[in-house]
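Please read the following account alongside the sequence and the coordinates. It proceeds from the interior outwards, through a pocket, several loops and the cysteines.

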Amino acid sequence: RSSAASDVYKRQLHHLLSLKPNAICVLGSVGEATYLSLDESKDIIDSATNKIGGACPLFVGINTNNTNTAIELANYAKEKGAYGIMVSPFSYIPLKESELFTYFKDIALNVGLPIILYNNPISSGYSLSPEFMTYLANEIEEIQFIKDSSGEVSQLESLLALTAESPVKIFNGSNKIAFEALKMGVDGWCTVTPCFLGQHVDRIISHVRNGSQVYSNQQIALF
């Protein structure tokens with residue numbers, strides 16, 4: 001096994017826990033998750049579950065274009081006590097929507113954890129439409145959250161409208177539209193930035209949702 005789960009990583013987890021987060025997600029798209037071996041990814045999960053110990057929900061990112069590997073890693077996370085997984089499609093050759101559906105469905109059926117459907121066009125090469133993401137959430141009950149990192153206000157508006165009657169939670173994954181996203185009523189702000197802002201995040205969200213003009217996208221982006 002490697003030393004991917006270094007002391008620095010453990011100190012970062014300790015810092016995050018001190019901020020009393022709503023949840024922690026490891027193996028996301030910020031960092032080198034897509035370049036880690038399966039054993040290295042498991043090391044990261046081991047360190048996270050041991051350190052967090054139920055203090056808050058833990059989500060684990062699944063970053064692979066191999067369905068069997070995705071299922072293996074997700075089940076490992078499940079065995080270690082993860083609350084859910086964050087899944088984004090990766091492929092060298094673009095897949096059809098029907099093939100993407102099969103990918104998510106296979107993971108859901110073989111793992112059984114809550115899923116964050118992650119739309120990250122820059123990192124994954126896929127730009128999932130609001131209609132298709134809504135379809136996936138309606139057809140696959142394990143998809144309980146959608147994180148949209150398109151950075152497009154119109155896309156997020158459409159997604160919120162399409163899921164208005166659905167229990168699925170919508171997270172904004174783009175700092176550049178964080179202000180608009182919060183005003184539109186997203187359920188969460190899920191980027192690396194809140195890790196640095198700490199308890200300021202709750203203050204920003206409260207100000208924006210109460211109609212305050214204290215913050216703007218430009219100010220948030222500076223962080």
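Is Leu27 buried or exposed? In this predicted model, Leu27 counts as buried, because its relative accessibility is 9%. The residue is found in the loop between β1 and α2. Its backbone is also notable, since Leu27 has a positive phi of about 60° although it is not a glycine.

Leu27 leads directly to the interior. The largest nonpolar core has 60 residues, and Val26, Leu27 and Val60 are those that touch the most other members. In general terms, nonpolar side chains in soluble globular proteins tend to be buried together. For Val26, the contacts beyond four places in sequence are Tyr9, Leu13, Ile44, Ala48, Leu58, Phe59, Val60 and Gly61. Apart from the largest core lies another core, of six residues, among them Phe59, Ile116, Tyr118 and Phe171.

A second residue invites comparison with Leu27 in its backbone angle. Lys20 has a positive phi of about 55°, and Lys20 likewise is not a glycine. Lys20 is placed in the loop between α1 (7-18) and β1 (24-26). Its surroundings are those of the surface: with a relative accessible area of 67%, Lys20 is exposed, because that value lies over the 50% limit.

The discussion now turns to empty space. The second largest pocket contains about 200 Å³. Its lining is formed by 14 residues, and Ala33, Thr34, Leu36, Asn63 and Thr64 are the ones nearest the centre of the pocket. Three elements, α2 (38-52), β2 (58-62) and α3 (67-79), each supply at least two residues of this lining. What is the chemical character of the lining of the second largest pocket, in terms of nonpolar, polar and charged residues? Six of its residues are nonpolar and eight are polar, while no charged residue takes part.

Two further loops may be examined. Leu95 is found in the loop between β3 (84-87) and α4 (97-111). Its relative accessible area is 34%, and Leu95 is therefore partly exposed. Not counting residues up to four places away in sequence, Leu95 touches Leu100 and Tyr126. By way of distance, the C-alpha atoms of Leu95 and Ser174 are separated by 24 Å, and these residues are 79 residues apart along the chain.

Ser150 lies in the loop between β5 (143-148) and α7 (153-162). Ser150 is buried, because its relative accessible area of 17% is under the 20% limit. Beyond its neighbours within four places in sequence, Ser150 is in contact with Asn119, Pro121 and Gln155. The C-alpha atom of Ser150 is separated by 21 Å from that of Tyr103, with these positions 47 residues apart along the chain.

The cysteines remain to be considered. How many disulfides does the structure hold? The number is zero. For Cys56, the closest cysteine sulfur is that of Cys25, 11 Å from its own sulfur, so the two are too far apart for a bond. For Cys190, the closest cysteine sulfur is again in Cys25, at 6.2 Å, which is also too far for a bond. The criterion behind this reasoning is a sulfur pair within 2.5 Å. In accessibility, Cys56 is buried, with a relative accessible area of 10%, whereas Cys190 counts as partly exposed at 21% relative accessibility.

Methods
Residues are numbered from 1 along each chain as its sequence is written. This is a predicted model: local features need pLDDT of at least 70, side-chain atom pairs count only at pLDDT 80 or more; totals for chains, interfaces and linings use all residues. Side-chain values use heavy atoms; hydrogens and water are left out. Buried means under 20% relative accessible area, exposed over 50%, partly exposed in between (1.4 Å probe, protein chains only). A nonpolar core is a set of buried Ala, Val, Leu, Ile, Met, Phe, Trp, Tyr and Cys residues joined through side-chain atoms within 4.5 Å. Contact means heavy atoms within 4.5 Å. On a 1 Å grid over the protein atoms alone, a cavity is a set of points where a 1.4 Å probe fits but cannot get out, and a pocket is an open set with protein on both sides within 12 Å along at least five of seven lines; lining residues have an atom within 4 Å of a point. Grid points are joined across faces, edges and corners, and a volume is the space filled by probe spheres set on the points. Helices (H or I, at least four residues) and strands (E, at least two) are DSSP runs, numbered from the N terminus. Ala, Val, Leu, Ile, Met, Phe, Trp, Tyr, Cys and Pro count as nonpolar, Asp, Glu, Lys and Arg as charged, and the others, Gly among them, as polar.
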